Amino acid sequence: FDYPTSLDGNPSRLEIIKDILTIVKNHNNLLKPTPLLRQSNISSHRFKEYFNELLNGNFIKEISNKDGNFISLTEKGFKFLDKYEIIISFIDEFEL
């Protein structure tokens with residue numbers, strides 16, 4: 001993802017969270033951590049911080065099976081994406 005930049009030149013925290021969750025969702029809600037890191041387009045240090053925040057906040061969960069460890073969205077993660085889209089639609093509609 002190429003992030004839109006804020007006034008300080010960095011993507012917002014919410015944009016990064018939305019993009020990480022969207023990447024997982026777009027991979028049939030099952031993705032290994034390394035491809036998620038690569039596709040998130042942020043440093044591994046920042047990725048670990050966001051990953052732990054999302055895991056501890058119950059937005060994502062880890063699933064282990066015979067094929068390895070995977071990341072999946074929880075119901076809370078899906079709700080975040082739905083609400084995020086509503087907020088963005090509102091901002092766009094009113095040209096804010």
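**Packing of H1 against H3, and the salt bridges around it**

In this predicted model, helices H1 and H3 pack with their axes 11 Å apart and at an angle of about 75°. Because angles of 65 to 115 degrees count as roughly perpendicular, H1 is roughly perpendicular to H3. On the H1 side, the contact is made by Arg13, Ile16, Ile17, Ile20 and Leu21, and these meet Arg46, Tyr50, Glu53 and Leu54 of H3. Sorted by class, the contact of H1 with H3 has six nonpolar and three charged residues, with no polar ones.

Two of the residues in this contact, Arg13 and Glu53, are also joined by a salt bridge, in which the closest N and O atoms are 2.2 Å apart. This pair links distant parts of the chain: Arg13 belongs to helix H1 (residues 13-25) and Glu53 to helix H3 (residues 44-56), 40 residues apart. How buried or exposed are the two partners? Arg13 has a relative accessibility of 44% and therefore counts as partly exposed. Glu53 is likewise partly exposed, since its relative accessible area is 32%.

H1 itself deserves a closer look. Its 13 residues, at 1.5 Å a residue, should span 18 Å, and the C-alpha atoms at its ends are 18 Å apart, so expectation and model agree. The helix is mostly covered, with 10 of its 13 residues buried. The buried set runs through Glu15, Ile16, Ile17, Lys18, Asp19, Ile20, Leu21, Thr22, Ile23 and Val24. Which elements provide the cover for the buried residues of H1? Among them are helix H2 (33-40), H3, strand S1 (60-65), strand S2 (68-73) and H4.

The structure holds four salt bridges, including the Arg13 and Glu53 pair described above. Another of them joins the side chains of Lys79 and Glu75, with N and O 3.5 Å apart. Both residues lie in helix H4 (residues 75-93), where they are four residues apart, or about one turn of the helix. Lys79 is partly exposed at a relative accessible area of 48%, whereas Glu75 has 58% relative accessibility and so counts as exposed. A further salt bridge brings together the side chains of Lys66 and Asp67, at 3.6 Å from N to O. Lys66 is exposed, with 78% relative accessibility, while Asp67, at 46%, counts as partly exposed.

Several loop residues complete the picture. Thr74 sits in the loop between S2 and H4 and is buried, its relative accessible area being 9%. Leaving aside residues up to four places away in sequence, Thr74 touches Asn58, Phe59, Ile60 and Lys61.

Two asparagines stand out for their backbone. Asn29, in the loop between H1 and H2, has a positive phi of about 55° although it is not a glycine. Asn41, in the loop between H2 and H3, also has a positive phi, of about 60°, again without being a glycine. Which of the two is buried and which is partly exposed? Asn29 is buried, with a relative accessible area of 17%, because buried means under 20%. Asn41 has a relative accessible area of 46% and is therefore partly exposed.

Methods
Residues are numbered from 1 along each chain as its sequence is written. This is a predicted model: local features need pLDDT of at least 70, side-chain atom pairs count only at pLDDT 80 or more; totals for chains, interfaces and linings use all residues. Side-chain values use heavy atoms; hydrogens and water are left out. Buried means under 20% relative accessible area, exposed over 50%, partly exposed in between (1.4 Å probe, protein chains only). Axes are lines fitted to C-alpha atoms, for helices over the stretch in contact, and angles run from 0 to 180 degrees between N-to-C directions. Angles under 35 degrees count as roughly parallel, over 145 as roughly antiparallel, 65 to 115 as roughly perpendicular and the rest as oblique. Contact means heavy atoms within 4.5 Å. Ala, Val, Leu, Ile, Met, Phe, Trp, Tyr, Cys and Pro count as nonpolar, Asp, Glu, Lys and Arg as charged, and the others, Gly among them, as polar. The expected span of a helix is 1.5 Å times one less than its number of residues.
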